[in-house]
Amino acid sequence: MKFFKLNNGFEMPMAGIGVFTFTPKEAQIAIENALKDGVRLIDTANAYQNEKATGRAIKNSCIDRKEIFLVTKLWPSVYESETAVDDTLKRLDTDYIDLLFLHQPTDNWKSGYRNIEKAVKEGKVRSIGLSNFDVLSNELYVEAINFAEIKPQIVQVEAHPYFPQSELKKILAETSMGLMAWYPLGHGDKSLIEEQIFTDLAKKYGKTNAQIILRWHIQSGNVVIPGSRNPKHIKENFDIFDFELTSEEMAEIAKINKNVRYYNGTPEMIASYKQWAPDFDAQE
Ligand code: NAD
């Protein structure tokens with residue numbers, strides 16, 4: 001396992017599992033499987049409505065909480081709530097969150113940011129992340145950094161070989177922030193996974209196409225959280241640390257960049273996210 005050193009000194013595993021679109025039961029099973037395979041990075045969110053199940057999987061594993069790097073995200077409907085972090089901790093059944101994101105850049109993000117900063121001061125949150133600000137503009141990250149009393153550590157954005165986030169990466173390098181890639185496998189898009197270059201490299205290294213893509217992320221400096229309910233894939237997605245792509249191969253992969261996202265959020269869509277609230281009470 002490789003670790004990414006955050007700009008506040010904490011280290012996070014570079015490969016984990018994400019549970020977007022998983023029912024609570026699916027999330028619990030997938031996380032329990034992942035933890036058995038050695039995965040120690042878990043990515044959930046208020047909006048995924050599976051935080052309680054995530055907490056249960058961690059408890060059931062009997063793994064020391066300190067060994068697990070737990071990531072979740074506040075949803076805009078709770079940015080202005082002073083109890084948002086405490087409520088999240090309660091659902092996760094833990095006393096701290098390793099990394100807490102603002103999930104979406106709705107216009108009330110500054111309230112959410114101050115609430116997270118307060119939680120950092122109280123020892124309830126260790127690191128701060130900003131997700132999807134790039135959908136509006138990369139410069140919004142600079143605005144957030146200038147607004148912050150406690151600087152953010154990392155962004156979580158769509159990134160994969162078709163959309164490597166080359167422009168954003170320049171800003172991140174200047175501000176010592178990391179990149180956590182969502183849709184690291186293009187949300188399972190076969191046209192990406194089955195690109196000839198990945199098939200060729202998979203053959204060369206005795207790996208699968210998905211492993212080649214995930215390895216490309218790691219060597220690009222990206223933290224990855226591929227989603228899978230399939231135990232074989234969960235194990236495979238973590239088994240990417242025993243080979244290395246050459247610089248020529250990394251350059252070949254760079255050629256398939258289309259600079260195209262799968263998710264094309266508009267400012268109106270982002271603004272509307274504040275109107276929807278996760279159903280926390282119904283959560284199993
Ligand atoms: P992904 O790119 O990880 O693709 C997952 C899909 O790829 C799976 O459903 C499966 O069909 C396929 N797959 C997984 N492993 C495979 C393997 N080894 N071989 C072949 N196919 C494989 O997309 P995702 O799961 O939607 O996203 C990953 C995580 O990113 C989410 O679970 C979530 O944690 C995070 N995310 C965050 C945001 C955000 O707004 N911050 C948005 C989307 C996703």
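Trainee: Which residues form one aromatic cluster here?

Mentor: In this predicted model, the residues that come together in one aromatic cluster are Trp109, Tyr113, Phe133, Tyr141 and Phe147.

Trainee: And how many aromatic pairs does the structure hold?

Mentor: There are twelve aromatic pairs in the structure. One of them joins Trp109 and Phe133 in an edge-to-face arrangement, with 5.4 Å centre to centre and 65° between the planes. This pair links distant parts of the chain, since Trp109 belongs to helix α4 (residues 109–121) and Phe133 to helix α5 (residues 133–136), 24 residues apart.

Trainee: Are those two buried or exposed?

Mentor: Trp109 has a relative accessibility of 5% and therefore counts as buried, and Phe133, at 0%, counts as buried too.

Trainee: What about Phe133 and Tyr141, and why is that pair called stacked?

Mentor: The ring centres of Phe133 and Tyr141 are 5.5 Å apart and the planes meet at 25°, so the pair is stacked; planes under 30 degrees apart fall into that class. Phe133 and Tyr141 are both buried.

Trainee: Tyr141 is in α6, so which residues of that helix are buried?

Mentor: In helix α6 (residues 139–147), the buried residues are Leu140, Tyr141, Ala144, Ile145 and Phe147. Looking down the axis of α6, one finds these buried residues within an arc of 160°, and they therefore line one face of the helix. Tyr141 and Phe147 appear both in this buried set and in the aromatic cluster.

Trainee: And what does the face turned away from the buried side carry?

Mentor: That face of α6 carries Glu139 and Asn146, which are exposed.

Trainee: Changing topic, where does the charged end of Arg65 sit?

Mentor: The charged end of Arg65 is placed over the ring of Tyr96, at 4.0 Å from the ring centre. In another such arrangement, Arg215 lies over the face of Phe243, 5.7 Å from the centre of that ring.

Trainee: On to empty space: what is the volume of the largest pocket?

Mentor: The largest pocket holds about 850 Å³ of space. It is lined by 35 residues, and those closest to its centre are Phe20, Thr21, Trp182, Tyr183 and His187. The elements giving two or more residues to this lining are α8 (190–193) and α11, with α11 making the largest share at three residues.

Trainee: How does that lining divide by class?

Mentor: The lining of the largest pocket has 17 nonpolar, 13 polar and five charged residues.

Trainee: And the second largest pocket, which residues are closest to its centre?

Mentor: The second largest pocket has a volume of about 190 Å³, and of its 15 lining residues the closest to the centre are Phe3, Glu11, Pro13, Glu67 and Phe69. Strand β2 (residues 11–13) supplies the largest share of this lining, three residues, and by class the lining comprises eight nonpolar, one polar and six charged residues.

Trainee: How many cavities of 30 Å³ or more does the count come to?

Mentor: The count comes to one cavity of 30 Å³ or more, and the volume of the largest cavity is about 50 Å³. Its lining consists of Gly16, Ile17, Ala34, Val39, Pro226, Gly227, Ser228, Ile234, Asn237 and Phe238.

Trainee: Which element gives the largest share there?

Mentor: Helix α11 (residues 231–238) does, with three residues, and this helix also gives the largest share of the lining of the largest pocket. By class, the cavity lining has six nonpolar, four polar and no charged residues.

Notes. Residues are numbered from 1 along each chain as its sequence is written. This is a predicted model: local features need pLDDT of at least 70, side-chain atom pairs count only at pLDDT 80 or more; totals for chains, interfaces and linings use all residues. Side-chain values use heavy atoms; hydrogens and water are left out. On a 1 Å grid over the protein atoms alone, a cavity is a set of points where a 1.4 Å probe fits but cannot get out, and a pocket is an open set with protein on both sides within 12 Å along at least five of seven lines; lining residues have an atom within 4 Å of a point. Grid points are joined across faces, edges and corners, and a volume is the space filled by probe spheres set on the points. Helices (H or I, at least four residues) and strands (E, at least two) are DSSP runs, numbered from the N terminus. Ala, Val, Leu, Ile, Met, Phe, Trp, Tyr, Cys and Pro count as nonpolar, Asp, Glu, Lys and Arg as charged, and the others, Gly among them, as polar. Rings of Phe, Tyr and Trp (its six-membered ring) pair if their centres lie within 6.5 Å; planes under 30 degrees apart count as stacked, over 60 as edge-to-face and the rest as tilted. Buried means under 20% relative accessible area, exposed over 50%, partly exposed in between (1.4 Å probe, protein chains only). A charge sits over a ring if NZ of Lys or CZ of Arg is within 6 Å of the ring centre and within 35 degrees of the ring normal. The arc is that of the directions from the helix axis to the C-beta atoms.
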